[in-house]
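User: I am new to this structure and would like to learn how to read it. Could you take me through some of its features in turn?

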Amino acid sequence: MSTTVRAEGGQAQAARRGRVPAGRQARGYVALMKLRVVELLLVTTVPVMILAVHGVPDLLVVAATLVGGTMSAGAANAFNMVIDRDIDKVMHRTRHRPLVTGDLGPAQALVFASLLTVVSTLVLGLLTTWLAALLSLAAIGFYVFIYTMWLKRRTSQNIIWGGLAGCFPVLIGWAAVTGTLAPAAWVLFAVIFLWTPPHYWPLSMRYRDDYSSVGVPMLGAVRSQAQVGLQTVLYAWATLACSLLLIPVAGMGPVYSLTALGAGGWFVLETHRLYARALAGERVAPMRVFHASIGSLSLLFLGIAVDALLFR
């Protein structure tokens, strides 16, 4: 038995006996929520709320939506770590997660995820609208049961349909301030649906060996770089086209229109560069596309907020 395995085994035993220091356990609970991932979800939520009311929404509702949304996404991520702890201990990029290191046990994580689910639902339901709360529950259920438990280990199409869970924040934000869902909200839902695969596939290229080692058929692990590159190009173009639909549907002004073209064009350009290098047999830089996807989406939703405030 290696030193690493013995150390991890000792940590796990310590966690079961409750001897892990409180500070490490606290950090473990925070890590379960994957807050860096949640940040991007919240970036899409507030601009949608501004667009929904064409102005500054009630700040209490905004705060409740952000708190409830953070806990909801954190709950989904915590459930995901419980389910995936067997492969997390094998993959290089996930080996420091709290259920692998033994800072927390599966029972602790399940209780934490369940509490987050209940509290987030109450926060959204009591302080915003019950439609937003129900959408939040649907997002958790979809991520846990459809993506993590069903699709992730069975098909290379996993992130296409599993990514639907990440589209719910725009619906939650809209419902939180209006109690309804308008066509503009569904257009933005579709934008994120189309954006998610070309956002995640470059990451799966970067960690191809990790996914292959545990038999998870992420597209970047089971297809050639040229095939993955082509798919990212097609989805990036679809994302750009869908983002432009918001102009007639929501009556967007020049700020959003120019931002959508610029941000979407940047994303498309990076995917074409990735594809061209893959076709030429050159070394690709998938993380450039990954970071461009985040930057372009952030700019797009910033454009929504500014446009809605200037042209209300």
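**Reading the model step by step**

User: Where should I begin, and in which element does Thr44 lie?

Analyst: Begin with the origin of the coordinates: this is a predicted model. Then place a residue in its element. Thr44 sits in helix α3, which covers residues 35-53.

User: Is Thr44 buried or exposed?

Analyst: Burial is read from relative accessible area, and a residue under 20% is called buried. Thr44 has 2% relative accessibility, so Thr44 is buried.

User: Which residues does Thr44 contact, beyond its neighbours within four places in sequence?

Analyst: With those neighbours left out, the contacts of Thr44 are Pro169, Val170, Ile192, Leu297 and Phe301.

User: How do I read a nonpolar core, and which residues have the most contacts inside the largest one?

Analyst: The general idea is that nonpolar side chains tend to be buried together in soluble globular proteins. Here the largest nonpolar core holds 89 residues, and those with the most contacts inside it are Leu32, Leu51, Val170, Leu188, Leu246 and Phe301. Helix α11 (residues 183-206) gives this core its largest share, 14 residues. Two of the core residues just named, Val170 and Phe301, are also in the contact list of Thr44.

User: What does Leu32 touch, leaving aside its neighbours within four places in sequence?

Analyst: Leu32 is in contact with Gly74, Asn77, Ala78, Met81, Pro98, Leu99, Leu104, Ala109 and Phe112.

User: How are helices α15 and α16 arranged relative to each other?

Analyst: For a pair of helices, look at the approach of the axes and the angle between them. The axes of α15 (residues 254-279) and α16 (residues 286-310) come within 8 Å and cross at roughly 175 degrees. An angle over 145 degrees counts as roughly antiparallel, and α15 and α16 are therefore roughly antiparallel to each other. Their contact is made up of 16 nonpolar, six polar and five charged residues.

User: How many disulfides does a search of the whole structure find?

Analyst: The search looks for cysteine sulfur atoms within 2.5 Å of each other. It finds zero disulfides. For Cys167, the nearest cysteine sulfur is that of Cys242, 10 Å away.

User: Why is Cys242 not bonded to Cys167?

Analyst: The sulfur of Cys242 has its closest cysteine sulfur in Cys167, and because the two are 10 Å apart, this is too far for a bond. Cys167 is buried at 0% relative accessible area, and Cys242 is buried at 9%.

User: What is there to read in the backbone of Lys34?

Analyst: Here the angle to look at is phi. Lys34 is not a glycine, yet its phi is positive, about 50 degrees. Lys34 is in the loop between α2 (22-33) and α3, and with 17% relative accessibility Lys34 counts as buried. Not counting residues up to four places away in sequence, Lys34 touches Asn77, Asn80, Met81, Arg97 and Tyr143. Asn77 and Met81 are in this list and are also contacts of Leu32.

User: What is the phi of His54, and where is that residue?

Analyst: His54 has a positive phi of about 50 degrees and is not a glycine. His54 belongs to the loop between α3 and α4 (59-83). Its relative accessible area is 35%, so His54 is partly exposed.

Methods. Residues numbered from 1 in each chain as written. Predicted model: local features only at pLDDT ≥ 70, side-chain atom pairs only at ≥ 80, totals over all residues. Heavy atoms only, no water. Axes fitted to C-alpha atoms, helices over the stretch in contact; angles between N-to-C directions. Helix = DSSP H or I, 4+ residues; strand = E, 2+ residues; numbered from the N terminus. Parallel < 35°, antiparallel > 145°, perpendicular 65-115°, else oblique. Nonpolar A, V, L, I, M, F, W, Y, C, P; charged D, E, K, R; others polar. Buried < 20%, exposed > 50% of the residue type's maximum accessible area, 1.4 Å probe, protein only. Contact = heavy atoms within 4.5 Å. Core = buried A, V, L, I, M, F, W, Y, C linked by side-chain atoms within 4.5 Å.
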